[in-house]
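Thank you for making time this morning. I would like to walk through one structure with you, and I will put the sequence and the model on the screen before I say anything about them.

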Amino acid sequence: MKHTTRTWGARWVLLAALAAASAASALAQDIKIGFVSTERILRDSNAAKAAQTRLEQEFSRREREIEALGNQLRQASEKFEKDAPTLSESQRAARQRQLAELDRDFQRRRREFQEDLAQRRNEELQQVIERANRVIKQIAEAEKYDLILQEAVYIAPKHDITDKVINGLNSAK
C-alpha cells in the first residue's frame, strides 16, 4: 500500500508541475513585448538631427573663437620659445605672465564652452526623448503592447519597434 501512495503522490506533483508550466507558457504567449533602441532614435530620427543642427548653429561662433584663441596661444608660445634666449630676465618674466594669463583665459573659455554645450545638448536630447516616449506610448496603445523596453542586453529582432518610433517621430510635428 505504501508503494502506491508514493507513486500517486509523485504523479500529483508531476501533474501540478506540468499544469504550472503550461499556464506559464500560455501566459508568456499572451504578452506582447516591444523594444526600442534609444541610441538609434537619438542618432537617426529627424528630431535628433534637427537638435544637432540647432546646437551647431548656436555654438559654432563660440567654437571658432576658442579655436582662434588656442591658435593665438600656440603662436605666442612658439614666439616666446624662439625669442627667449635674446630677452632680458624682466622681459622674459613679463612674457611668461602674459602667456600664463592667455592660457588661463583659454582654459576658462574652453571649459565654459564645454559645460554650456553639454547642458544644451542634454536639454535638446531630453526634448527628443520626451517626444519619442509619447510616440512609443501611442504605438503601445494602438498595437496593444503589454511591455516596451528601452534597454536590454539582448532582444530578438522581431520585437524591435525602433523603426516605427522613428517613423512616428519623423511624421509628427
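Let me begin with a question: with which residue does Glu58 form a salt bridge? Before I answer, please keep in mind that what you see is a predicted model, and that the values I quote are computed from it. The partner of Glu58 is Arg120, and the closest N and O atoms of the two are 3.0 Å apart. This pair links distant parts of the chain, since Glu58 sits in helix H3, residues 46-83, while Arg120 sits in helix H4, and their positions lie 62 residues apart in the numbering. As for its surroundings, Glu58 is partly exposed, with a relative accessible area of 40%.

To place that pair in the overall layout, the protein chain has 5 helices and 2 strands, and from the N terminus on the elements follow the order α-β-α-α-α-β-α. Of the 173 residues in the chain, 24% count as buried. If we take the contacts with a separation of 6 or more, 80% of them are between residues 24 or more positions apart.

Coming back to charged pairs, a search of the whole structure finds 19 salt bridges, and I will pick out two that lie within single helices. In helix H3, the side chains of Glu65 and Arg61 meet at 2.5 Å, N to O, and because these residues are 4 positions apart in that helix, about one helical turn separates them. The general point behind this is that an α-helix has 3.6 residues a turn, so residues three or four places apart point the same way. Both partners count as partly exposed, Glu65 at 38% relative accessibility and Arg61 at 49%.

In helix H2 there is a salt bridge between Asp44 and Arg40, at 3.8 Å, N to O, and these two residues are also 4 residues apart, about one turn of the helix. Asp44 is partly exposed at 26% relative accessibility, and Arg40 is partly exposed at 21%; since buried means under 20%, Arg40 does not count as buried.

Let me turn now from charged side chains to helix H5, residues 162-171. Which residues of H5 are buried? They are Thr162, Val165, Ile166, Gly168 and Leu169, and, seen down the axis of H5, they fall within an arc of 160 degrees, so they line one face of the helix. The face turned away from that buried side carries the exposed residues Asn167 and Ser171. The cover over the buried residues of H5 includes strand S1 (33-35), H2 and H4.

My last topic is empty space inside the model. The search finds 1 cavity of 30 Å³ or more, and the volume of the largest cavity is about 40 Å³. Its lining is made up of Val36, Thr38, Ile41, Ile129, Ala132, Asn133, Ile136 and Gln150. Helix H2 (38-44) and helix H4 (89-142) are the elements that give two or more residues to this lining, with H4 supplying the largest share, 4 residues. By type, the lining residues of the largest cavity divide into 5 nonpolar and 3 polar, with no charged residue among them.

To close, I would ask you to look once more at H4, which holds Arg120, the partner of Glu58 in H3, which is included in the cover over the buried residues of H5, and which gives the largest share of the lining of the largest cavity.

Definitions and conventions
Residues are numbered from 1 along each chain as its sequence is written. This is a predicted model: local features need pLDDT of at least 70, side-chain atom pairs count only at pLDDT 80 or more; totals for chains, interfaces and linings use all residues. Side-chain values use heavy atoms; hydrogens and water are left out. On a 1 Å grid over the protein atoms alone, a cavity is a set of points where a 1.4 Å probe fits but cannot get out, and a pocket is an open set with protein on both sides within 12 Å along at least five of seven lines; lining residues have an atom within 4 Å of a point. Grid points are joined across faces, edges and corners, and a volume is the space filled by probe spheres set on the points. Ala, Val, Leu, Ile, Met, Phe, Trp, Tyr, Cys and Pro count as nonpolar, Asp, Glu, Lys and Arg as charged, and the others, Gly among them, as polar. A salt bridge is a side-chain nitrogen of Lys or Arg within 4 Å of a carboxyl oxygen of Asp or Glu. Buried means under 20% relative accessible area, exposed over 50%, partly exposed in between (1.4 Å probe, protein chains only). The arc is that of the directions from the helix axis to the C-beta atoms. Contact means heavy atoms within 4.5 Å.
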